[in-house]
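This report looks at selected contacts, strands and helices, and at how far the residues in them are covered. The sequence and structure come first, and the discussion follows.

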Amino acid sequence: MKNVKTINILDADDTELLRISKEGVLSLNLEEMHAIQNYYRKKGRNPTDVELETLAQTWSEHCVHKTFKGLIEYREKSQTRIIDNLLKETVVRATKELNKKWCISVFRDNAGIIEFDRKNAVAFKIETHNHPSALEPYGGAGTGIGGVIRDILGVGLGAKPILNTDVFCFGPPDLPYEKLPEGVLHPKRICKGVVSGVRDYGNRMGIPTANGAVVFDEGYICNPLVYCGTVGIMPRDKCFKEAKPKDLIVAVGGRTGRDGIHGATFSSAELAKDTEVSAVQIGNPIVEKKVADVLLQARDKGLYNAITDCGAGGFSSAIGEMGKDTGARVYLERAPLKYAGLAPWEIWVSEAQERMVLAVPPEKLAQLMDIFRAEDVEATVLGEFTNDKKLLLLYNGETVGELEMEFLHNGVPRVKRKAEWKKTQFPEPEFEEPKDLTQSLKEILAHPTVASKEWIIRQYDHEVQAGTVLKPLQGVNNDGPGDACVIKPLFCSNKGIVISNGLNPRFGMIDPYWSAASSIDEALRNNICAGGNLNHCALLDNFCWGSPEKEEQLAGLVRAALSCYDTAKAYGTPFISGKDSLNNEYFDYAQNKKISIPPTLLISAISVIPDIRKVISMDLKSPGNLIYILGETYDELGGSIYYALRGFTGNRVPKVNPRRAKKLMSSLQKAIWRGLVRSCHDCSEGGIGVAIAEMAFAGGLGAELYVRDCPGCGISANRNDTILFSESNSRFIVEVEPKNKKAFEKIMGNGSSFKLAGKVRKDKLLKIYGINGKTVVNADIYELKESWQKTLRW
Amino acid sequence: MEYLIKVRYKPGFFDALGNTVQRDIKDLGISGVKKVKTAQLYYVEGEITYKELRLLCKELLADTITQQYEITSSRTSFKTSNKQTFIVQVWYKKGVTDAVADTVKKGAMDLGIQKIDKVKTGYEYIILGNISRAEIERICRGLLANKVVQEYKIYPEGIA
């Protein structure tokens, strides 16, 4: 055979098997290599390079989630528990048990789909593009957003993208160059590159980027995290797909080149100074925009039975998955190439961007090709789906690969791992409570994670498509921090969708169980306080973790997943989709050790609301209005920004009581929908202090707050700084007109903790009175705003 | 025939990219840079007439209200004997997808210019100030070019 190499694994011993895997960047472990060896022993021949590459891509952690679906022996204190398929036992189980009838498609397709109205459904997907962004921030982030947009284009029979959301985790932007490990780009440079990459791709696709978050922490210096998400809308009768035997395999969109080869296997391995560099994809949003436009036309004319995008693994994953239950025959020489000279295996696993694959019934082909030609998008028939359950790959008449679909998809040996949870005890800080907390408040506001992200937000078009109701920057000068965004996707309907996020790696360093619960609580808080709907609300999970081969790290992952089950079940919010990115580690040759990121779980929430006219923003509206504090404040400064500024982590991480929180949030939702609330903001980083400051300077109005007698204050939280800066969950600051006092208190009344704590002032001062009734904060709101805006004014 | 087209902002118009790079250089810890001016570079190869090139520039590559263009037939045409000026050109490495170049080719065909064989795009940075060779190297590696997909050339070459 002249176009392929044959790899001798039949005669290979263990050392040789591992060498083959390492040199070929296959990321296959010994057990997997043995499974492959046995398969070929039975076949009586050696594999071709095309076949090995196919197996490597399809069996990669990134594509198949081996850790989440494997067996884990979890030990805590002296108790052991065997977890068989962590995903099924936690995240998926919550959804199954909640059994919400408005969930249409969960955990089976490129994205999760829920009902929107009688005719339409919305799909939501978030994924990460961490490893490529560490190497080439602009390209990595751009192709990250390009990839998730394609997931939406390829969910069901295709959805129309209507919103982008992005969450980033970077190292400290003011890191001194001497502290930067060798071979790592400076966090500020990564941040600027990532922001530009997402901007250029998202804006050019005509999709509004209206929601997101940025977190800065030392743990991300070597491994930045780039979460990109897209929401799409689609007709309800287009939510499912099925490739049928005899359907033609049609590749559409961009051409194939050498970019991004080994992206999937590379993303499953740790980074080091000299990591292979071709595994970076290059994006072209204009091509993707044309593909998006023409696909929706073809979909509505019923010209294809199935669609998926070419992401990790390229054609090998897309066609491999689509043909899973049927079989497929592919003629690799037919793939349109960017330039000559690609070997068959390169064509097959390239991750060149902007490509989708369709299953087209032969009688519809002519019509499909006409539409594509009219819109100047390339479409090429690569082969056909068969019914022999085999994957047959040909190149110029030669068979270059032949695999049974059963082995390809189910032959991967199940991973067995051990996990042991040992809670780290961090030193507990001891210092006197400062008399004047104004300075502490300013410092927290100036922390990069809290500070204004206006510099980033203003680069993203958040208005295109004309459906953005609640925007990322709110208030009198359109520069205050919004909690969630609201989109009205249909011109003829007032129904809307509310998107929010929750993320706190600092809590994760103490206990991933509580950080997962807190992230869910945060995503829901953000959603509700904008006017979201707890009864029609779905969640997405995105785990970014270090190495699953380290017992403590895996234990944290297990705890976070268990918390997802407990918390989501209690709130009644099912998970509909998720992803994981493991092995976010960097091998620092100078220190001779691996540095992992802090455990980072991003929870995103999407809810459907009946009337966007009920939505509210977070800025204070009128002097004289009443201010309430909802929810209980505890001594839970563990993982807080207040402690971080003093160099401490602490141990008392905020917990969640979902039963009480659900009651409170449901009541708040009712009050907001009845029009009784003028503004609402949740308490997160920096607690009550930051929340009221942000509401005040966003609204250009002063406020006075008396924290004495507020729920929890003086009991667990018995210091003023604890009260103001503790980051306890499930708390809100709410502004209510005096005339609505009775009605509001009646709705909140039934068993929820809340207190009338102050009012909006006519002047521009924020005054907070502590436990003894004395002033602890007395500040000009514009000085507070300046502290908040100055840090990231780049 | 090979041509190099440079498109830059007319004097008096705000060069946003140049400004951003100047600020970023300060963030690298390098002071002494007085100004940064940028130009977008288009390398064009084919059987094209000067008339066609001018059409390409006026209709596609430059916004003639705010920008000016320059067509030369040499790759490294610039005039500088000023010791306080460095010029850096950044191009994509061979084999890297150049999406803008593909679009230029398509746009040229739409304009009726048929015989373009190859287009490459790049950036030129004119950095004025009192900085050392080591510092300009840092600027290139740290800001202007990502060695993963791009390569850079500094002019004048070899002078400290």
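## The interface between chain A and chain B

In this predicted model, Lys106(B) and Asp376(A) form a salt bridge in which the closest N and O atoms are 3.9 Å apart. The pair satisfies the rule because the cut-off is set at within 4 Å between a side-chain nitrogen of Lys or Arg and a carboxyl oxygen of Asp or Glu. Across the interface of chain A and chain B the rule finds 2 salt bridges, and 5 residue pairs, with both residues at pLDDT 80 or more, are found in polar contact. On the side of chain A that touches chain B, the largest share comes from helix H10(A), residues 187–204, which supplies 3 residues. By class, that side of chain A is made up of 8 nonpolar, 2 polar and 8 charged residues.

How many residues does each chain bring to the contact? Chain A contributes 18 residues and chain B contributes 16 residues. The area buried between the two chains is about 1300 Å², and carbon and sulfur atoms give 48% of that area.

## Salt bridges within chain A

Over all chains, the count of salt bridges by this rule comes to 55. One of the pairs in chain A is Lys125(A) with Asp151(A), whose side chains meet at 3.2 Å, N to O. This pair links distant parts of the chain, since Lys125(A) belongs to strand E5(A) and Asp151(A) to helix H9(A), residues 137–153, with their positions 26 residues apart in sequence. Lys125(A) counts as buried because its relative accessible area is 6%, and Asp151(A) is likewise buried, with a relative accessible area of 6%. A further pair joins Arg761(A) to Glu704(A) at 2.7 Å, N to O. Here too distant parts of the chain are linked: Arg761(A) sits in the loop between strands E32(A) and E33(A), whereas Glu704(A) lies in strand E30(A), residues 703–706, and the two are 57 residues apart. Arg761(A) is buried at a relative accessible area of 16%, and Glu704(A) is buried at 12%.

Are the partners in the salt bridge of Glu786(A) buried or partly exposed? The side chain of Glu786(A) meets that of Arg793(A) at 3.1 Å, N to O. Glu786(A) counts as partly exposed because its relative accessibility is 33%, and Arg793(A) counts as partly exposed at 47%. Elsewhere, salt bridges that share partners join Lys125(A), Glu127(A), Asp151(A) and Lys579(A) into one network.

## Asn120(A) in strand E5(A)

Strand E5(A), which spans residues 120–128, includes Asn120(A). Asn120(A) counts as buried because its relative accessibility is 16%, and the cut-off for that class is under 20%. Leaving aside residues up to four places away in sequence, Asn120(A) touches Glu115(A), Ile233(A), Met234(A), Pro235(A), Arg236(A) and Leu490(A).

## Strand E31(A) and its neighbours

Strand E31(A), residues 732–736, is mostly covered, with 5 of its 5 residues buried. Phe732(A), Val734(A) and Val736(A) point one way from the strand, while Ile733(A) and Glu735(A) point the other way, and all of them are buried.

Strand E31(A) is joined to strand E28(A), residues 626–630, by 5 bridges, and the two run antiparallel. Within this pairing, Val734(A) is the bridge partner of Tyr628(A). Strand E29(A), residues 679–682, is joined to E31(A) by 4 bridges and also runs antiparallel to it, with Phe732(A) as the bridge partner of Asp682(A).

## Helix H27(A)

In helix H27(A), residues 781–790, the buried residues are Ile781(A), Leu784(A), Lys785(A), Ser787(A), Trp788(A) and Gln789(A). An α-helix has 3.6 residues a turn, so residues three or four places apart point the same way. The buried residues of H27(A) pack against several elements of chain A, namely helices H17, H18 and H24 together with strands E20, E33 and E34. At the start of H27(A), a side-chain oxygen of Asp780(A) reaches to within 2.6 Å of the backbone nitrogen of Tyr782(A).

Notes
Residues are numbered from 1 along each chain as its sequence is written. Chains are lettered from A and ligands numbered from 1 in the order in which they are written. This is a predicted model: local features need pLDDT of at least 70, side-chain atom pairs count only at pLDDT 80 or more; totals for chains, interfaces and linings use all residues. Side-chain values use heavy atoms; hydrogens and water are left out. Buried means under 20% relative accessible area, exposed over 50%, partly exposed in between (1.4 Å probe, protein chains only). Two strands pair if DSSP finds at least two bridges between them. Contact means heavy atoms within 4.5 Å. Buried area is the accessible area (1.4 Å probe) that two parts lose on being put together, summed over both. A polar contact is a pair of N or O atoms within 3.5 Å; within protein, one must be able to donate a hydrogen and the other to accept it, and residues adjacent in sequence count only if both atoms are side-chain atoms. Ala, Val, Leu, Ile, Met, Phe, Trp, Tyr, Cys and Pro count as nonpolar, Asp, Glu, Lys and Arg as charged, and the others, Gly among them, as polar.
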